[in-house]
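Let's explore this protein together, one question at a time. Take a moment to look at the model, then see whether you can follow each step.

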Amino acid sequence: MRHYPPRRIVCLTEETVEALYLLGEQDRIVGVSGYAVRPPQVRREKPRVSAFVSADMPKILALEPDLVLAFSDLQAGIVADLVRAGVDVHVFNQRDVAGILAMIRTLGALVGAVERADQLAQGFEQRLATIAATPRPSPRPKVYFEEWDDPLISGIGWVSELIEIAGGADVFPELRHRQAAKDRIVSTEAVREAAPDIILASWCGKKVVPARIRARDGWSDIPAVRNDRIVEIKSPIILQPGPAALTDGLDAIVAALWGTRSELSTPSSEA
């Protein structure tokens, strides 16, 4: 980087945007992903420079970033172009709760806010532990999380963990460590046999249609369908591996499972 801490940062995914706002380091951000919506003011404060697997390279380069923050192999093509253009890039690859907390601490180190980042991560850790320790009725409700509808894709690692923290039991826990969506494809028969009590759905940016879920062949006998316990969780709060998932995303899962939201405070990114 030409400056430390970096003065001009471009964030190609939304979780680093929210984390930088929570750390009070938002003035360093000069460009964001088009999917960045947290906190709400980011829409009017920061220019949009990318989608998820594509980016406006001339626009990014014109911003003269000291550092670009990216996520996973899915953005490898964008990253390669940036590296060839001489831009410093840090690529995060968090796929579970521990990874999200490590991302926050690493981001703090990158911007010279180590202590604040550690305090933020510790706050999240305490919140998760408190929710996990909340007494719940037995047995745990069986939960199927649907990340996509065609083909059916079950929840990624952090989603599966958050279901357990909320007091549920993921019906496909063995798939949580499979990073690629194609490796978490499940059959309609497998879901039917798992007989989930609750279906949580977040179709990665498009609106969930519960009627289409209910109409699937053989699903009328699934307890979640029979008892009308199909709940949409909006993708911005659960499918990005960052603060949103640990706060509003987890709260939405708790509400879907138990009918009440968590009473615990949530770190604010409104400032």
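Q: In strand 9, which residue is the bridge partner of Val143?
A: Keep in mind that this is a predicted model. Strand 6 (142–149) pairs with strand 9 in the parallel sense, over four bridges. Look along strand 9 (residues 198–201) for the residue that bridges to Val143, and you arrive at Ile198.

Q: Strand 9 also pairs with strand 10, so to speak, on a second front: which residue of strand 10 stands opposite Ile199?
A: Strand 10 covers residues 230–232 and pairs with strand 9 in the parallel sense. Three bridges join these two strands. Opposite Ile199 in strand 10 you find Ile230.

Q: Are the side chains on the two faces of strand 9 buried or exposed?
A: Buried here means under 20% relative accessible area. On one side of strand 9 sit Ile198 and Leu200, and on the other sit Ile199 and Ala201. Both faces are covered, and all four of these residues are buried.

Q: In what order do the strands of the five-stranded open sheet lie?
A: The pairing in this sheet is parallel. Its edges are strand 3 (48–50) and strand 5 (89–92), each pairing on one side only. From one strand to the next, the twist averages 25 degrees. Reading across the sheet, the order is 3-2-1-4-5.

Q: Which residue of strand 2 is the bridge partner of Val10?
A: Strand 1 (residues 9–11) and strand 2 (residues 29–33) pair in the parallel sense. Three bridges link them. The partner of Val10 in strand 2 is Gly31.

Q: What angle does helix 5 make with strand 5?
A: Helix 4 (residues 76–84) packs on the sheet, touching strand 4 (67–71) and strand 5, with its direction at about 160 degrees to that of strand 5. Helix 5 (residues 97–110) lies across strand 4 and strand 5 too. The angle between helix 5 and strand 5 is about 165 degrees.

Q: How many of the residues lining the largest pocket are nonpolar?
A: The largest pocket has a volume of about 760 Å³. Its lining has 26 residues, with Phe52, Leu74, Glu147, Cys204 and Leu239 nearest its centre. Helix 1 (14–22), strand 6 and helix 11 (235–238) each give two or more residues to this lining. Five lining residues are polar and six are charged, while the nonpolar ones number 15.

Conventions: Residues are numbered from 1 along each chain as its sequence is written. This is a predicted model: local features need pLDDT of at least 70, side-chain atom pairs count only at pLDDT 80 or more; totals for chains, interfaces and linings use all residues. Side-chain values use heavy atoms; hydrogens and water are left out. On a 1 Å grid over the protein atoms alone, a cavity is a set of points where a 1.4 Å probe fits but cannot get out, and a pocket is an open set with protein on both sides within 12 Å along at least five of seven lines; lining residues have an atom within 4 Å of a point. Grid points are joined across faces, edges and corners, and a volume is the space filled by probe spheres set on the points. Ala, Val, Leu, Ile, Met, Phe, Trp, Tyr, Cys and Pro count as nonpolar, Asp, Glu, Lys and Arg as charged, and the others, Gly among them, as polar. Two strands pair if DSSP finds at least two bridges between them. Axes are lines fitted to C-alpha atoms, for helices over the stretch in contact, and angles run from 0 to 180 degrees between N-to-C directions. Contact means heavy atoms within 4.5 Å. Buried means under 20% relative accessible area, exposed over 50%, partly exposed in between (1.4 Å probe, protein chains only).
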